[in-house]
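I opened my notebook to look up two things here: the cysteines, and the place where the chains meet. Come along and check each entry as you go.

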Amino acid sequence: MNPSVITDNLIYFLVGPWPQGPLGGAALTVILTVLSAALSGVLGLVFGVLLSVLRGPWLAVLRLGLGLFRAIPVLMLIFWIYFLAPIAFGLDVPGVGSVVAALSLIGGAYLAHTVHAGIEALPRGQWAAASALGLSRRQTLWLVVAPQVLPRMAPSVVNQWIALTKDTSLAYVIGVAELSFVATQVSNRVMVYPAEIYLFVAVLYFILCAGFELAAGRLARRYRSLPA
Amino acid sequence: MTAPADEPPADVPVVIDIQGVSKWYGAFQVLNDCALSVRRGEVLVICGPSGSGKSTLLKTVNGLEAFQQGAVTVDGVRLDDPKVDLTRLRSRVGMVFQHFELFPHLTVMQNLTLAQVKVLGRSQAEAQARGLIYLERVGLIDHRDKRPAQLSGGQQQRVAIARALCMDPVVMLFDEPTSSLDPEMVAEVLDVMAGLAADGMTMICVTHEMGFARRVADRVVFMDEGRILDDAPAKAFFAEGGVRSPRADAFLNRLLRY
């Protein structure tokens with residue numbers, strides 16, 4: 001074991017060529033993760049609610065759309081957005097944007113079904129009681145259903161976000177210099193220390209995911225005890 | 001059905017009017033040409049075997065159950081009028097459920113104030129003052145900051161009654177309010193209901209509590225297979241050899257056998 005390969009390149013692992021060049025490394029992984037987690041959360045919430053309230057053909061369209069995004073490999077969607085969007089729509093999507101868009105769409109499609117399942121699991125009587133009191137559907141959703149359903153969904157959402165953290169490593173295919181990309185760069189440069197480097201990278205991913213889990217758990221507890 | 005002497009006088013306004021209501025689930029008819037009217041201050045008990053449509057009929061009154069034929073009028077407003085704001089109308093019809101359906105994430109007081117603030121537009125202070133009045137009335141004022149899960153079933157149901165009363169309803173609907181309670185808690189809920197009845201609240205109760213029906217109800221409605229078979233003053237209905245359809249007779253005998 002040679003720890004100096006880590007200490008010598010520590011800054012590069014953490015922030016990439018920044019501040020001389022663009023931000024990269026673990027910092028970029030965190031940014032990709034947080035952005036995609038937030039966006040996929042919003043998409044999942046909106047589509048999950050729609051899955052519960054839409055009926056008829058619109059529901060079928062939504063189900064089909066979500067099904068497509070769940071069926072496409074992340075890697076392929078990143079490629080599509082990065083290479084096909086400019087050709088098809090004349091939209092030049094930067095690498096980071098492509099990755100965030102792909103992860104958000106796929107993560108959102110997964111989360112939509114989590115949200116939908118959570119809403120469906122709530123006893124119908126809660127909806128009936130809220131309606132009987134004169135609350136509108138929207139009020140019922142936000143004041144009665146969401147506060148009960150969201151904290152219960154926290155474990156599945158955290159699962160989804162942890163999977164997403166690791167999927168950010170796929171950004172390497174379009175040259176986005178996140179953690180695994182810079183790790184590969186360093187490993188290729190020094191040639192003989194892959195064990196040290198990839199072990200260290202694994203530890204970094206573990207810290208990120210564990211941090212995510214702790215933060216999400218704390219958030220869920222706080223939300224649960226929040227007064228209405 | 002004869003018009004008995006102790007029926008309320010005709011000048012008391014009708015609060016609930018159900019005319020020729022029928023409902024189908026696919027080919028299965030749950031309600032068959034039901035007609036019923038309830039005057040202000042009347043206490044009506046609907047009984048009948050399970051699956052007879054009594055809960056379904058009750059829920060047509062606040063629009064929780066749609067129906068395909070007939071008309072329901074609540075306090076002069078027809079439910080099927082396209083101009084009717086159904087959510088607004090519902091806020092004026094109090095409903096108590098078999099499984100309480102308190103909101104578990106809110107405290108007792110928050111359960112009482114939520115709809116007052118969000119639907120009726122009352123201020124927090126106003127809503128809490130109203131909440132306290134009704135909590136006092138159901139004897140639970142010391143429990144206002146607890147969560148529903150910290151209360152017994154009977155206490156939860158009393159909170160649910162208080163929650164409905166906070167909305168100043170023109171009528172209270174009870175859907176088997178004691179059916180999921182332990183036997184020793186039934187009385188505390190029925191006591192609250194009897195108190196409401198004594199104060200002149202208009203009530204429709206779906207219940208199997210025949211003692212309550214006999215003592216508190218003005219009228220008893222018996223349903224079977226989606227039809228209203230009996231609609232009689234409670235006294236006449238329960239009297240030895242009283243005015244009852246044969247099926248109601250058999251039902252009562254079964255209920256009172258043990």
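**Cysteines.** I looked for disulfides (pairs of cysteine sulfur atoms within 2.5 Å) and found 0 over all chains. I kept in mind that this is a predicted model, where local features need pLDDT of at least 70, side-chain atom pairs count only at pLDDT 80 or more, and totals for chains, interfaces and linings use all residues. Residues are numbered from 1 along each chain as its sequence is written, chains are lettered from A in the order in which they are written, and side-chain values use heavy atoms, without hydrogens and water.

Next I asked how far the sulfur of Cys34(B) is from the closest cysteine sulfur. That one is in Cys47(B), 14 Å away, so the two are too far apart for a bond. Cys34(B) is also buried (under 20% relative accessible area, 1.4 Å probe, protein chains only), at 0%. I noted Cys209(A) as buried too, at 10%.

**Where chains A and B meet.** I counted 19 residues from chain A and 22 residues from chain B in contact (heavy atoms within 4.5 Å). On chain A, Ala132(A), Leu133(A) and Leu143(A) lose the most area to chain B, together 33% of what that side buries.

Which salt bridges did I count between the chains (Lys or Arg side-chain nitrogen within 4 Å of an Asp or Glu carboxyl oxygen)? The count is 0.

I then sorted the side of chain A that touches chain B by class: 11 nonpolar, 7 polar and 1 charged residues. Here Ala, Val, Leu, Ile, Met, Phe, Trp, Tyr, Cys and Pro count as nonpolar, Asp, Glu, Lys and Arg as charged, and the others as polar.

Note on methods
Buried area is the accessible area (1.4 Å probe) that two parts lose on being put together, summed over both. Buried means under 20% relative accessible area, exposed over 50%, partly exposed in between (1.4 Å probe, protein chains only).
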